[in-house]
Amino acid sequence: MARQVKDYDDRYQEFLDVGQRLFYTKGYDQTSIQEIIDAVGVAKGLFYYYFRAKGDLLDAIIERSLAQRIEQLTPLVDDPAVAAPAKFVCLFADLGNWKLANKEFFLEIMRVTMRDENVLLRTKMRDLGVTAVAPLMARVIEQGVGEGVFVVDQAADIAELLLEMGQSLSRVTTDLLLATSDAEAYTVFIRKVDAYERSIERVLGAQPGSLPVVARDQIRMWLV
């Protein structure tokens, strides 16, 4: 039987679909490039036409998933009936819930990207998250300035700064998640999150306690 010929975009999406399914069910390390190629049903060279390595496929899967979340969050950001602080908290909560819904996958990705040999992949994923979320956050910050609840200039730059701070928090909490899941880890986790939330409020000129961006029940669920 002749191979089915698909256009570039369709085949690219198929690689992402198959890679995501195998990474979720078998694990990233346990899935070989050959398994992905066999599942798609193409010649080996075609994989390398789209991706230089398995890490690039993972990067593309995360990028697509994040883009889908951003698309779903856009109506909330555009809703004039929702105040800026509530939008700000919801933005973080939704992204946190998305990761929790795929907890085992994201824990494995944390293990993979934290290895020394994967520093480039880790940097790419960090930059991807900031680039994707910053425009939405900037719009919320601009709304907050208009409402008089945030006092900042240059919302786009502030959004990137806050997300970079979040990446720093993520590195610390990732170490905790991968090292232990005991009560001591929860205490440290809470302390780091408290510091992050207070820092956000100070940068934005918001009222203390008005931006609880990391739900405490989410933290407990990560440590279970």
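1. Phe 92 and Tyr 196 are both buried in this predicted model. Their rings form an edge-to-face aromatic pair, with centres 6.4 Å apart and 65 degrees between the planes. The contact joins distant parts of the chain: Phe 92 belongs to helix α5 (residues 84-101) and Tyr 196 to helix α9 (residues 183-204), a separation of 104 residues.

2. In total, the structure holds 16 aromatic pairs. One of them is stacked, namely Tyr 12 with Phe 51, at 5.5 Å centre to centre and 25 degrees between the planes. This pair, too, links distant parts of the chain, since Tyr 12 lies in helix α1 (residues 8-26), whereas Phe 51 lies in the loop between α3 (44-50) and α4 (54-78), 39 residues apart.

3. The two partners of the stacked pair should be described separately as regards burial. Tyr 12 counts as partly exposed because its relative accessibility is 22%. Phe 51, in contrast, has a relative accessibility of 4% and therefore counts as buried.

4. Tyr 12 and Phe 51 also belong to one aromatic cluster, which includes Phe 15, Phe 47, Tyr 48, Tyr 49 and Tyr 50 as well.

5. Two placements of a charged residue over an aromatic ring merit mention. Lys 54 lies over the face of Tyr 28, at 4.3 Å from the ring centre. Arg 220 has its charged end over the ring of Tyr 186, at 4.1 Å from the centre of that ring.

Definitions and conventions:
Residues are numbered from 1 along each chain as its sequence is written. This is a predicted model: local features need pLDDT of at least 70, side-chain atom pairs count only at pLDDT 80 or more; totals for chains, interfaces and linings use all residues. Side-chain values use heavy atoms; hydrogens and water are left out. Rings of Phe, Tyr and Trp (its six-membered ring) pair if their centres lie within 6.5 Å; planes under 30 degrees apart count as stacked, over 60 as edge-to-face and the rest as tilted. Helices (H or I, at least four residues) and strands (E, at least two) are DSSP runs, numbered from the N terminus. Buried means under 20% relative accessible area, exposed over 50%, partly exposed in between (1.4 Å probe, protein chains only). A charge sits over a ring if NZ of Lys or CZ of Arg is within 6 Å of the ring centre and within 35 degrees of the ring normal.
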